[in-house]
Amino acid sequence: MDAEKTTFTIITFAENITVWKEELIPTSADNVQAAADMLRAIKGAKRTNVFGAMDAAYDLSERLAGVEVEKRKPPKKDKDKGPVTGKSPDDGLPDTIFLYTDGYATWGKYSGDDAGWDGKSNEEKAQLYAPIMKDMVAEIGDRNRIARITVHCIGVGVRQDNTTLSALAKACDGK
């Protein structure tokens with residue numbers, strides 16, 4: 001990744017949502033190493049707040065779009081020097097999210113109710129869970145109509161909710 005063109009941050013999510021850097025930082029060797037060190041230190045958790053992580057990503061994008069807009073504007077055209085070239089104001093905004101998860105939302109606004117579903121078969125749980133995930137994907141997709149961020153979903157783990165991950169990626173022009 002070109003450190004002059006590619007920027008990033010990381011949002012971790014379990015019961016709590018943590019934004020690693022409150023701005024997008026360059027992919028310099030030092031920043032990538034710091035990110036790798038942070039990721040290696042994460043301990044797994046039983047809960048997964050998928051919507052909370054996506055919500056935090058869109059909140060960050062909106063904050064950067066509003067507060068930082070003056071810093072992102074290209075210089076004004078100078079009649080004597082010809083047209084201005086350079087960064088677009090949108091270059092400072094996130095354009096891609098990579099969601100790395102098993103896809104099962106078990107915590108937060110949209111989640112399966114582990115305790116309330118005790119004793120139910122996997123088929124019954126799936127029937128209860130599917131409409132909740134459709135609502136989550138719909139809300140994220142609606143929010144993405146303005147943000148226009150491509151969302152790629154990477155399913156990990158022994159079991160993955162491929163239905164939700166595929167629907168989310170499709171709703172946000174990702175894979």
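The questions and answers below walk through a predicted model of a protein.

Q: How many helices and strands are there in the protein, and what pattern do they follow along the sequence?
A: The protein has five helices and six strands. Read along the sequence, these elements follow the pattern β-β-β-β-α-α-α-β-α-β-α.

Q: What percentage of the residues in the protein is buried?
A: A residue counts as buried when its relative accessible area is under 20%. Among the 175 residues of the protein, the share that is buried comes to 29%.

Q: How far does helix H4 reach from its first C-alpha to its last?
A: Helix H4 covers residues 122-147, which gives it 26 residues. At 1.5 Å a residue, a span of 38 Å would be expected, and the value in the model is close to that, at 36 Å.

Q: At which residue does H4 bend, and which proline follows within four residues?
A: The bend in H4 is about 25 degrees. It is placed at Tyr129, and the proline that follows within four residues is Pro131.

Q: Which residues in H4 are buried?
A: An α-helix has 3.6 residues a turn, so residues three or four places apart point the same way. In H4, the residue at the bend, Tyr129, is itself buried. The buried residues of this helix are Tyr129, Met133, Met136, Val137, Ile140, Gly141 and Asn144.

Q: Which residue just after H4 takes a positive phi, and is this residue buried or exposed?
A: The residue lies in the loop between H4 and strand E6, which covers residues 150-155. Its phi is near 55 degrees, a positive value in a residue other than glycine. Because its relative accessible area is 61%, the residue counts as exposed, and its name is Arg148.

Q: What is the phi of Asp173, and where is the place of this residue?
A: Asp173 is found in the segment after helix H5, which covers residues 162-171. With a relative accessible area of 66%, Asp173 is exposed. Its phi is a positive value in a residue other than glycine, near 60 degrees.

Q: How many disulfides does the structure hold, and how far away from Cys153 is the nearest cysteine sulfur?
A: The structure holds zero disulfides. Cys153 is in no disulfide, and the nearest cysteine sulfur is that of Cys172. A disulfide needs a pair of cysteine sulfur atoms within 2.5 Å, whereas the sulfur of Cys172 is away from that of Cys153 by 7.7 Å.

Q: Are Cys153 and Cys172 buried or exposed?
A: The relative accessibility of Cys153 is 15%, and therefore Cys153 counts as buried. For Cys172 the relative accessible area is 0%, so Cys172 is likewise buried.

Q: Which residues form a nonpolar patch on the surface?
A: One member of the patch lies in strand E5, residues 96-101, and this is Phe98. Phe98 is exposed, because its relative accessible area is 58%. Together the members of the patch have about 350 Å² of accessible area, and they are Phe98, Tyr100 and Ile154.

Q: How far apart in space are Lys46 and Glu15, C-alpha to C-alpha?
A: Lys46 is found in the loop between helix H1, residues 29-40, and helix H2, residues 50-67. At 80% relative accessibility, Lys46 counts as exposed. In sequence, Lys46 and Glu15 are 31 residues apart, while in space their C-alpha atoms are apart by 8.5 Å.

Terms used: Residues numbered from 1 in each chain as written. Predicted model: local features only at pLDDT ≥ 70, side-chain atom pairs only at ≥ 80, totals over all residues. Heavy atoms only, no water. Patch = residues over 30% accessible without salt bridge, like charges linked within 9 Å, V, L, I, M, F, W, Y side chains within 5 Å. Areas by Shrake-Rupley, 256 points an atom, 1.4 Å probe, with all protein chains shown as cover. Salt bridge = Lys/Arg side-chain N within 4 Å of Asp/Glu carboxyl O. Helix = DSSP H or I, 4+ residues; strand = E, 2+ residues; numbered from the N terminus. Buried < 20%, exposed > 50% of the residue type's maximum accessible area, 1.4 Å probe, protein only. Expected span 1.5 Å × (residues − 1). Bend = angle between axes of the 7 residues up to and from the residue.
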